[in-house]
Amino acid sequence: MSTHRYLTALPQGNSQVSLSWRFFSTDAPDTPFHIQRRRPNDTWQQVTEAPITQSTDFQDQTLEAAEYEYRVLKNDTPSETVSVDSGKNPSNLAIEFPLQY
């Protein structure tokens with residue numbers, strides 16, 4: 001089962017991808033997150049060596065410009081999966097989603 005964290009992945013040029021996700025009010029301040037990446041229909045590979053504990057964003061440098069899928073893990077529970085082409089021109093255009101209080 002996945003947790004919907006409103007993960008976004010945006011191409012940044014030069015095979016780089018900018019990722020960001022939502023931090024829940026129920027998350028502890030030092031909640032550890034890991035990032036996983038794969039080519040479509042391939043095996044997930046962990047991108048982060050150490051957990052991310054001070055933010056909810058990550059800049060990834062892919063090996064080649066191509067289509068990738070990403071997800072964020074908290075305590076081995078994955079978020080939803082998002083797709084991005086790391087070879088596309090840089091973009092800051094993401095989808096809008098309502099915040100729930």
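Where in the chain is the place of Asn14? In this predicted model, Asn14 lies in the loop between β1 and β2. That loop is a handy way into the fold, and the rest of the picture can be built outward from there.

Taken as a whole, the protein chain is an all-strand affair, with zero helices and eight strands. Read from the N terminus, the elements simply go β-β-β-β-β-β-β-β. The C-alpha atoms fit in a box of roughly 35 × 30 × 25 Å along the principal axes. The radius of gyration is 13 Å, and because a compact globule of 101 residues would come out near 13 Å, the two agree. Of the 101 residues, 37% count as buried. The chain exposes about 6500 Å², and carbon and sulfur atoms supply 46% of that area. Contacts also reach well along the sequence: among those with a separation of 6 or more, 55% link residues 24 or more positions apart.

Back to the start of the chain. Strands β1 and β2 make a hairpin with two residues between them, and they pair in the antiparallel sense over five bridges. Within that pairing, Pro11 sits opposite Val17 in β2. Asn14, in the turn, has a positive phi of about 55°, even though Asn14 is not a glycine. Most residues other than glycine have a negative phi. Asn14 also counts as exposed, because its relative accessibility is 68% and the cut-off for exposed is over 50%.

A second residue tells a similar story elsewhere. Asp76 is not a glycine either, yet has a positive phi of about 65°. Asp76 belongs to the loop between β6 and β7 (77-78). With a relative accessible area of 70%, Asp76 is exposed.

The hairpin feeds into an open sheet of three strands, ordered β1-β2-β5 with antiparallel pairing. The edges are β1 (8-13) and β5 (57-61), each of which pairs on one side only. From one strand to the next, the twist averages 25°. On the β5 side, five bridges join β5 to β2 (residues 16-20), and these two strands run antiparallel. Here Leu19 stands opposite Phe58 in β5.

Which side chains of β2 point to one face and are buried, and which point to the other and are not? Val17 and Leu19 make up the buried set, while Gln16, Ser18 and Ser20 point to the other face and are not buried. In soluble globular proteins, nonpolar side chains tend to be buried together.

That leads to the largest nonpolar core, which has 14 residues. The members that touch the most others are Leu7, Ala9, Leu19, Trp21, Ile35 and Tyr70. Two or more residues apiece come from β2, β3 (33-38), β6 (67-74) and β8 (82-85). The top contributor is β6, which gives three residues. Ala9 shows how the pieces meet: leaving aside neighbours within four places in sequence, Ala9 is in contact with Val17, Ser18, Leu19, Tyr70, Val82 and Val84. Two of these partners, Leu19 and Tyr70, are also on the list of core members that touch the most others.

Two further residues are worth a look, both on the exposed side of the ledger. Leu63 is found in the loop between β5 and β6. Despite being a leucine, Leu63 is exposed, with a relative accessible area of 79%. The C-alpha atoms of Leu63 and Ser20 are 43 residues apart along the chain and separated by 20 Å.

Pro90 sits in the segment after β8 and is exposed, at 56% relative accessible area. Pro90 and Leu10 are 80 residues apart in sequence, but their C-alpha atoms are 7.4 Å apart in space. Once neighbours within four places in sequence are set aside, Pro90 is in contact with Pro11, Gln12 and Gly13. Pro11 is the residue that stands opposite Val17 in β2, which brings the description back to the hairpin formed by β1 and β2.

Key
Residues numbered from 1 in each chain as written. Heavy atoms only, no water. Pairing = 2+ DSSP bridges. Helix = DSSP H or I, 4+ residues; strand = E, 2+ residues; numbered from the N terminus. Axes fitted to C-alpha atoms, helices over the stretch in contact; angles between N-to-C directions. Core = buried A, V, L, I, M, F, W, Y, C linked by side-chain atoms within 4.5 Å. Buried < 20%, exposed > 50% of the residue type's maximum accessible area, 1.4 Å probe, protein only. Contact = heavy atoms within 4.5 Å. Rg over C-alpha atoms; globule rule 2.2 N^0.38 Å. Areas by Shrake-Rupley, 256 points an atom, 1.4 Å probe, with all protein chains shown as cover.
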